[in-house]
Amino acid sequence: MSTTPLVESRPWKALEALAKKMKTTNLRTLFLEQPDRGTSFVIEHGDLYVDFSKQQINADILEELLRLADHVGLADHREAMFRGDKINTSENRSVLHIALRLPRSASLVVDGVDVVAQVHAVLDAMDEFAAAVRSGTKLGFTGKKIRNIVNIGIGGSDLGPAMAYEALRFYESDDLAFRFVSNVDEIDLQQATVDLDPAETLFIVSSKTFGTLETLTNALSAKDWITSSLGDERAVADHFAAISTNVKGAEAFGVHATNVFGFWDWVGGRYSMDSAIGLSTLIALGREQFDALLEGFRAMDEHFLTAPFEKNLPVVMGLLAIWNRNFMGRPTTGVMPYDQRLKYFPAYLQQLTMESNGKSVTCEGHAISYETGAIYWGDRGTNGQHSFYQLLHQGTTVVPIDFIGFGRSTQPLGNHHNILMSNVFAQSQALAFGKTAEELRAEGTPDELVPHRVMPGNRPSTVILAPKITPRLLGQLVALYEHSVFVQGTVWGIDSFDQWGVELGKVLAASIIPELSNDVPLSHDSSTNALIRHYRSLNEGENERDND
C-alpha cells in the first residue's frame, strides 16, 4: 500500500488521462475494434454471468483500475475485514457480516470470542422458534394458531427482510401471511393490520437498541392493538418477538426473554438481513431454504476473498463504479431488475450503497477532495421503460445502468418471460449504440423529425444474468453488491460502516416533537419556527373540525 495521496498516485493520474480519451470514444468504435468484446469483458462465477462489455472501458483502463486497487491496499483491507480487525474506525468496531454465513465448523475468534459459535447459537434458537410458528404449535394468547407475521423495523431492519420476502415468496409457507411496517406514519401500521385477527398475529420488533423512535412507536401501537383486542396485558408475551441486543428493554415491553434474538455491534443494519433480523425470512422459507440463502452469501464471500482481482466480480464491479463516478463524471447509477420479485431490490441497494459510502471525510477525518458515493436508484423492468427511460436514452445526463435478468421465471406464463427478457437485451443495446441521423434518414424518417428521434447511444450498462431467483442466488447477488461497496469505500479511503449522517436529524426531531402539541417558545431558525407555528394552526383547525 502506497502512502502517496490518492489523487496524486500514478494510477489515478493515468486513469484521468485515459478518461479524457475515452470521453471522445464511442462504444460503437470499441465494438468495431474488438469484435469479440461481448465475450471478452465477461466474468462468470457461481450462478452469475456478468457482462461488462458495454461499459466505456478497455484493457488499459482495467489494468490501471487494478493498479489503483493495489495502490490503496485493497487486498490487505479485505483480509483485515475477514480477520475481524476493527476497520470501522470511527466506532472502533469489527465488521463481520461475513461471519453471519460461515459454516458451523468454522471458527473466527475476535476479542477472545468465537463469533461463529455465537452466530449459530442464535440461528438455532431462531430455527426452533420459526419451526414452532410454521408447524402451528406456536399459539397465541387465546389458543389460536399464529397465521400472520408482522415485521416492525426501519432501515436495514425492514428493507432487508421485506426485500428478501418479496424476492423469495415463491418458496414461502402457504399457511402464513407476512406484512412489513417501517414508516412511523400511522397509515403504514393501520393498513398492515386492518384485515388481521389479533388472536392470530405475531409481531417481530426489530431494533438493535429497542429504542429506535419509529420502530418503538409502531411497536407500542401494535401492543395497544393486541391488548385492547384480547383484553389482557399478558397477551403481549404470546404475540411479540424481538430482535435486539437490549434484552431488558424488550422484556420491559412484555416480550418473553426466550423470544428475544440478539445480534452484535459488528453487524450494521444494512448488512443484517442474514442475521436475526432475518427471522421473518426464516419463518417464511424454513431452515433448508434459509441455509441455501446463507450458502449463496458464503459462496460470494469466498469468491471475493480468493479470486484474482481481474476475475473477481465484486472487485471489478467496485472499480467500474469508481471509474464511472470519479473519472467519467457520472454521479448516479440505475439498478433495473427485470423480475417483479426484485421490486424492492433497488431500494435495498439505495441504503446499502448510499448509507455506506455517502461520506466526505477519510477514515482519518480529513476532508475529501474527490467525489464519493454515487446516487443509486431504480425500478423494475419493464415499468421503468414507460417512466424514466426517456431520460436515460435522450437526456443530457448519462446514467450507468445495472440490468439484472434471469433465464427462467419462477412462475412461467405463456410467452411473458421471453418478452420481458427481450427488453433487457434491447435496452442495453439501445443505450450502447443508439441510432444515428444517417440511419434514421436511411429508414425514411422525415428530416424535421430526425433530431427528435436520434438516440446518441454511448451510454454504459452492465448486464447480470442468472438462471432464476432462488435463495442461494439472492445471497450471491446481495453479497456481490456488499463487497462492491467495500471496494469503493476502500479506494476512497472512507469508513463504509458508520452512519453518523442520520443522527443529527433524529436529535433535532426529538426536540421538536413536544413543541408541535404545546404552545411553548421556539428557538429554531426563522423558517423552522414559522413552519412549526403553521403546523400547530393546521393541527388545531383539524381537531376543531373533528370535534364538530
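# Exercises on burial, helices and salt bridges

Asp 301 has a relative accessibility of 4% and therefore counts as buried; buried means under 20% relative accessible area, exposed over 50%, and partly exposed in between, with a 1.4 Å probe and protein chains only. The model is predicted, so local features need pLDDT of at least 70 and side-chain atom pairs count only at pLDDT 80 or more, while totals for chains, interfaces and linings use all residues. Residues are numbered from 1 along each chain as its sequence is written, and side-chain values use heavy atoms, with hydrogens and water left out.

## Exercise 1: the surroundings of Asp 301

State in which helix Asp 301 is found, and which residues it touches beyond four places in sequence.

Step 1. Asp 301 belongs to helix α13, residues 287–306. Helices (H or I, at least four residues) and strands (E, at least two) are DSSP runs, numbered from the N terminus.

Step 2. A contact requires heavy atoms within 4.5 Å. Not counting residues up to four places away in sequence, Asp 301 touches Phe 82, Ile 98, Arg 101, Ala 479 and His 483.

## Exercise 2: two helices

Compare the end-to-end span of α7 with its expected value, and do likewise for α9. Then determine where the buried residues of α9 lie around its axis.

Step 1. The expected span is 1.5 Å times one less than the number of residues. For α7, residues 156–168, the 13 residues should span 18 Å; the end C-alpha atoms are 17 Å apart, which agrees.

Step 2. Helix α9, residues 213–230, has 18 residues and reaches 26 Å from its first C-alpha to its last, close to the expected 26 Å.

Step 3. In α7, 12 of the 13 residues are buried, and the helix is thus mostly covered. Among them are Asp 158, Met 163, Tyr 165 and Leu 168.

Step 4. The buried residues of α9 are Thr 215, Asn 218, Ala 219, Ala 222, Lys 223, Ile 226, Thr 227 and Leu 230. Seen down the axis of α9, they fall within an arc of 165 degrees, so they line one face of the helix. This arc is that of the directions from the helix axis to the C-beta atoms.

Step 5. Just after α9, Gly 231 takes a positive phi of about 75 degrees.

## Exercise 3: nonpolar cores

Which residues have the most contacts inside the largest nonpolar core, and how many residues has that core?

Step 1. A nonpolar core is a set of buried Ala, Val, Leu, Ile, Met, Phe, Trp, Tyr and Cys residues joined through side-chain atoms within 4.5 Å.

Step 2. The largest such core has 118 residues, and those with the most contacts inside it are Leu 48, Ile 283, Trp 323, Phe 345, Leu 474 and Tyr 481. Helix α20, residues 471–492, supplies the largest share of this core, 12 residues.

Step 3. Apart from this core lies another, of 22 residues, including Ala 192, Val 205, Leu 230 and Ala 235.

Step 4. Leaving aside neighbours within four places in sequence, the contacts of Leu 48 include Met 300, Leu 313, Ile 464, Leu 473 and Leu 480.

## Exercise 4: salt bridges

Give the closest N and O distance in the salt bridge of Asp 47 and in that of Asp 197, and classify the partners by accessibility.

Step 1. A salt bridge is a side-chain nitrogen of Lys or Arg within 4 Å of a carboxyl oxygen of Asp or Glu. The structure holds 29 of them.

Step 2. Asp 47 pairs with Arg 472 at 3.7 Å. The pair links distant parts of the chain, 425 residues apart: Asp 47 is in the loop between β1 (42–45) and β2 (48–51), and Arg 472 in helix α20. Asp 47 is partly exposed at 26% relative accessibility, as is Arg 472 at 32%.

Step 3. Asp 197 pairs with Lys 144 at 2.9 Å. Asp 197 lies in the loop between α8 (186–193) and β7 (201–206) and Lys 144 in the loop between α6 (115–135) and β5 (148–152), so the pair ties together parts 53 residues apart in sequence. Asp 197 is partly exposed at 25%, and Lys 144 is partly exposed at 37%.

## Exercise 5: backbone features

Which residues does the cis peptide bond with omega of about 10 degrees join? Is Asn 458 buried or exposed?

Step 1. The cis bond joins Gly 381 and Thr 382. Thr 382 lies in the loop between β11 (375–377) and α16 (389–394).

Step 2. Asn 458 has a positive phi near 60 degrees, although it is a residue other than glycine. At 15% relative accessibility, Asn 458 counts as buried.
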